[in-house]
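Please look through the structure below before reading on. The paragraphs after it lead you around one part of the model, step by step.

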Amino acid sequence: MEIKVDTGKILEKNYELLVLGIFEGEKNYGVNGIIDNALDKEISKIVKTPEFNGKLKKYCLLKTYGKMGINRILLVGLGKPEDFSLENIRIASGIAIHSIRDLGITSCAFSIMGEKSKIPIEKIVENTVIGCELALYQFNLYKTMDHDQLKKINKLTFFIEAPESEDVVKKSISIAQIIDKGVNLARNLSNMPSSDATPTQIAEKAEKIANKSGLNFRVLGKKDMEKFSMGGIINVARGSSQPPKIVILEHNGGGDMRPIVLIGKGITFDSGGISLKPSEKMEEMKHDKAGAATVIGTMQTVAQLNLPLNIIGITPLTENLPGGSAYKPGDVLKMCNGKTVEVINTDAEGRLILADVLAYASRYKPQAVIDLATLTGACVIALGSFATGLLSNDDDLKRLIMIGGETTGERVWELPLWDDYKELLKSDIADLKNVGGRPGGVITAASFLSNFVDYPWAHLDIAGTAWMQNNAGLKPYNPKGATGVGVRLITEVLRFWKSKEFCS
Ligand code: BES
Ligand code: MG
Ligand code: ZN
């Protein structure tokens, strides 16, 4: 979508449609006041009716009947002024842009929502663009309709009264568009059926993305995995005819600074393996690569934003299938750091492939490592679809992620990583076993991973937030299917990474 900035006098504009944000109980001012007067106080009247009262998620369309150059005004509720937040901006924008698309209008303008609020204009604009572009996402690759017939919005204009803000607004637009592309890339990779997103195909896609955005690209194949004794990923891959891959993307923007490593679980399909899953909803397990999708989307984003940091994205990719050579319950695996693991359940495969890569990441002497994984059904039970599980061995890193979660609306909730849980993973015949029973399933999974890290680390269990069905997690800007969760959160964390403070 083309997004532009326009300044000048609102009554001289000829937009097809202008979006005006209205607070609950607002007395009209600024642009709204001028338009209200031009429309013979029509807005003041409508705001008092129950049909449109400025409440969040409400909207109302007005025709101007030649009283001004603009043809239509879309009023969109911003909720109570005291509750105004970046999340409400994204929600209101998503609601507005959906209704505009439904009208079949191809170009529209936005005034700055809550212009007189405490939120700086660059943040309002950034989050309006994010709310719009993420709301318009559709995964239509497999629909055999005429794609030209789809209702599309080609052009969006930001109207600002003060021309001196133009540069700031333009900068925000371009940042937001880079972030949106990263999120929608992650959504595409996650939504893609596993037959078209094998480890090899994802590695090929990642290479193209790397070449386009200036990232270094490397891929480890089975031979490399054998060299590094990565018994986790090698064994998980044994039940599938698709060879496993580990994609490594590097962004070098930070000189000789120690890197931040991002790791994403990339099970391109999780059948459970020999510990086969029930068939109901098994199709959703194409999303078990969402962590990898998010890491690839985030790497594209940080490269395009040119962040002054060294960031490395690593995604272990494999299928988990019950083929004739599949690994089995009772097998003992030797992992990348030399530890041995007794397999109790082949469906607890994510932690095995992550463990190898977490151990491998140690060679980079990282400032910090963050992993993202659709790791446990237990996380869905614990937190539902409203929060990602956060477990970490480092308070500073935790704090950065929690703040990022609040700002981006990709909220996280902490669970404890106490040593007590490690007891549950003791094996009779090996150093560890790969499951610790049903109680505290999110924590025992993270506790398993903690055996493979020797640096500041945070684990994000995105099992409940990576994709949405018809459940309560749906937001106007998160349509059904993959959400791309984590791209905005991690990008936010990295944009405001205070390495000196953090690494002291
Ligand atoms: N990919 C699943 C976790 C999952 C389940 C994510 C449902 C999203 C929705 C993971 O590999 C898995 O199967 N975990 C098992 C672990 C168990 C065997 C200890 C689980 O959660 O049931
Ligand atoms: Mg599994
Ligand atoms: Zn899995």
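**Two metal ions and their donors**

Glu 349 counts as buried, with a relative accessibility of 0%, where buried means under 20% relative accessible area, exposed over 50% and partly exposed in between (1.4 Å probe, protein chains only). This is a predicted model, in which local features need pLDDT of at least 70 and side-chain atom pairs count only at pLDDT 80 or more, while totals for chains, interfaces and linings use all residues. Residues are numbered from 1 along each chain as its sequence is written, chains are lettered from A and ligands numbered from 1 in the order in which they are written, and side-chain values use heavy atoms, with hydrogens and water left out.

Glu 349 (OE) is one of the protein donors of the zinc ion (ligand 3), together with Lys 265 (NZ), Asp 270 (OD) and Asp 288 (OD), and these lie 2.0 to 2.4 Å from the ion; donors are N, O and S atoms within 2.8 Å of the metal (3.2 Å for Na, K and Ca), and water is not among the atoms, so sites may look incomplete.

The magnesium ion (ligand 2) has as its protein donors Asp 270 (OD), Asp 347 (O), Asp 347 (OD) and Glu 349 (OE), at 2.0 to 2.2 Å. Asp 347 is partly exposed, at 23% relative accessibility, whereas Asp 270 is buried, at 3%, and Asp 288, a donor of the zinc ion (ligand 3), is also buried, at 2%.

How far apart are the zinc ion (ligand 3) and the magnesium ion (ligand 2)? They are 3.2 Å apart, and Asp 270 coordinates both.
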